[in-house]
Amino acid sequence: MNIFDQYLDKIKKILLDLSKESLIILPESLDGINTEIPPEKFNCDLSTNVGMVLSKINKRPPLEIAGTIADTLKKKDPLIKDISVVKPGFINIKFKPIFWTNFIQEIIKDAKTFGKNNKEQKKKYLVEFVSANPTGPLHVGHCRGAILGDVIANVLTFNNHKVTKEYYVNDYGNQIINFTKSVYFRIREIEFNEPFPNDEDLYPGEYLKDFANNIISSNNEIDFNNFDNISDKLSSLSIDEALKLIKKNLKSLGINHDNFVSEKNLVLNQEVEKVIDYLQKNKFVYKGKIKAPAGEDDNNWVEREQLLFKSTDFGDDKDRALQKSDGAWTYFASDVAYHKNKLDRNYDYLINILGADHAGYIKRISSSVEALSKSKEKLICKVSQLVKLIKDNKPFKMSKRKGDYITVDDLISEVGKDATRFIMLNRSSDAELDFDFNNVVEKSKDNPLYYVQYCYARIASVFRHLGINLMTEVKIKKYDFEYSEDEIKVIKKIAEWPKCIESSSNKLEPHRIPTYLFELASLFHSYWNLGKDNPEKRFINDEKQINDDKLVFLKVISNVVKSGMDIVGVNVPEKM
């Protein structure tokens, strides 16, 4: 039950009735009208801007229009206690306590669907995220984007969309050649006691010794004396080892992808050539020269004729090269082919989660998708900004054996999966995040994860003392009670859950969910603390029983907390 949609529909019906009576003129669309949460100072439950939306077309002041609608709404709705019109033309509605009892009854009845937008047309989404080069373990820089992509997929799935989670494996090109050579030299180090070369193009991480040992033990038939003779086979084995480690890292974060798509396979299947042919037939490419990139010395830059994509036709700041001077395809060309592959799989929307260092890539890839799909809306790119690790009010650096970065495994072993996921998601992805280790282990309001989990654990403790399974359905014969103002304050927050899901889903901003859960938990803990001084606020009475109103009150809170934490991918312990 979404009370905001419910009252928006009521208001629109009243408008249609008033229009039929020639009391009001309606625009072609009523989409500009909304129902929102009013500021706390107004002491009301719901607010609408309808007066301001209709003022211009009716050539009447917003307050006058709002007054007419408010009078009609009050007469037709017996659940409204008070209705007022405030400048510049808002209608503010205050419900009777029985409204909230009815609301609780409805969401208990439809517990499995509460929060979901059943009116929204369901779509097919492909969410591509992480897609780190398969050359080693995932590091903290990948972690935030991985969680962002996973939770975007979760919230879309919760809202009944069909979602595929995909990892694009960049297993083609010079970095893979250098990676394979690095593994080869680690094998030579183990097998022949040769020193690992001091070469800046190679990957120096100690983790490569694990890859090398695994390859040696499982491939007795391979002769490691000549790199050129075994490079293709060794490349495949090395990538397999890297992907096994990456999948293990992702699993430790609670992430499982549906697909892993290989760049090398796209190239070998000539999908790059096919997409270039398509672009040429549609006159999206030409032979030309490009200026030196930003930061490049013009005197050292050699302009040469290249095959260029007309990305400036689609809003990019310059056209982009598809082919290198040696005739090889650029990384961008492979990426265009990959996105053509995505489009050919008939998804309604493609979502790319990019790291902060790839933000400049958005214009060019968006341009290519628009050219391929003839739609500006087909591709949505979300950037995951940097994470700063902090401990004792200073940058935190863990000891590490994996290379020159902090790995996902390092972070998980330090604070655990739940804290990593919740805190990484606790701020909008387009802003830098401070991950404070001191706060993560605090058992207080300063640790939002603890505060939300403790809310659920407190509710579970009440059910446990009563011998009731928290996960079973609550059945109440008669909803013949009314809630107090203190309880209604919490219930009003519960009523915002569908709106939170709607915003998180439509705007692809899942950070709204942990923020909402923390606010709900804070209200619940405040109410719980009232019971210390007021026996009427306690959940278990002197007879060691619970009244029906308190039982369903706790049940709906626990349902919403559990739903939200499931979307975030975090556990809700029944004991803490």
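Asn-346 is found in the loop that runs between helix 11 and strand 11, and its phi is near 60°, a positive value in a residue other than glycine. With a relative accessible area of 56%, Asn-346 is exposed. Keep in mind that this is a predicted model. The protein has 20 helices and 15 strands, and of its 576 residues, 51% count as buried. Along the principal axes, the C-alpha trace spans about 85 × 60 × 40 Å.

**Backbone oddities**

- Val-130 also has a positive phi, about 75°, although it is not a glycine.
- You'll find Val-130 in the loop between strand 5 (124–128) and helix 5.
- Unlike the exposed Asn-346, Val-130 is buried, at a relative accessible area of 15%.
- Going from Lys-87 to Pro-88, the peptide bond is cis, with omega near 0°.
- Pro-88 sits in the loop that joins strand 3 (80–86) and strand 4.

**The largest pocket**

- The volume of the largest pocket comes to about 1100 Å³.
- It has 46 lining residues, and the ones closest to its centre are Ala-132, His-139, His-142, Asp-357 and His-358.
- Four elements give two or more residues to that lining: helix 5 (140–158), helix 11 (331–344), strand 11 (349–355) and strand 13 (387–391).
- Helix 5 is the top contributor to the pocket lining, with five residues.
- Sorted by class, the pocket lining has 22 nonpolar, 17 polar and seven charged residues.
- Two of these elements tie back to the opening: the loop between helix 11 and strand 11 is where Asn-346 is found.
- Helix 5 turns up again too, as one end of the loop that holds Val-130.

**The one cavity**

- Searching the whole structure for cavities of 30 Å³ or more turns up one.
- The largest cavity has a volume of about 30 Å³.
- Its lining is made of Asp-45, Lys-81, Lys-94, Phe-95, Pro-97, Trp-100, Glu-485 and Ile-488.
- Strand 4 (90–95), helix 4 (97–109) and helix 17 (485–495) each supply at least two of the lining residues.
- The class split for this cavity is four nonpolar, no polar and four charged residues.
- Strand 4 is also one end of the loop with Pro-88 in it.

**Aromatic pairs**

- There are 34 aromatic pairs in the structure.
- One of them is Tyr-184 with Phe-227, an edge-to-face pair at 5.3 Å centre to centre and 65° between the planes.
- That pair links distant parts of the chain, with Tyr-184 in helix 6 (residues 174–192) and Phe-227 in helix 8 (residues 227–252), 43 residues apart.
- Tyr-184 and Phe-227 are buried.
- Phe-539 and Phe-553 make a stacked pair, at 6.2 Å centre to centre with 20° between the planes.
- Phe-539 lies in the loop between helix 19 (512–530) and helix 20 (548–568), while Phe-553 is in helix 20, so the pair ties together parts that are 14 residues apart in sequence.
- Phe-539 and Phe-553 are both buried as well.
- Phe-539 and Phe-553 also belong to one aromatic cluster, together with Tyr-479, Phe-481, Tyr-483, Phe-524, Tyr-527 and Trp-528.

**Charges over rings**

- The charged end of Arg-186 sits over the ring of Phe-196, 4.0 Å from the ring centre.
- Lys-116 has its charged end over the ring of Phe-158, at 5.2 Å from the centre of that ring.

**Cysteines**

- If you're checking for disulfides, a search of the whole structure finds zero.
- Take Cys-455: its closest cysteine sulfur is in Cys-500, 15 Å away, so the two are too far apart for a bond.
- Cys-455 is buried, with a relative accessible area of 0%.

Terms used: Residues numbered from 1 in each chain as written. Predicted model: local features only at pLDDT ≥ 70, side-chain atom pairs only at ≥ 80, totals over all residues. Heavy atoms only, no water. Phe/Tyr/Trp six-rings, centres within 6.5 Å; stacked < 30°, edge-to-face > 60°. Buried < 20%, exposed > 50% of the residue type's maximum accessible area, 1.4 Å probe, protein only. Lys NZ or Arg CZ within 6 Å of the ring centre and 35° of its normal. 1 Å grid on protein atoms, 1.4 Å probe; cavity = no way out; pocket = protein on both sides within 12 Å on 5 of 7 lines; lining within 4 Å. Points joined across faces, edges and corners; volume = space filled by probe spheres on them. Nonpolar A, V, L, I, M, F, W, Y, C, P; charged D, E, K, R; others polar. Disulfide = S-S within 2.5 Å.
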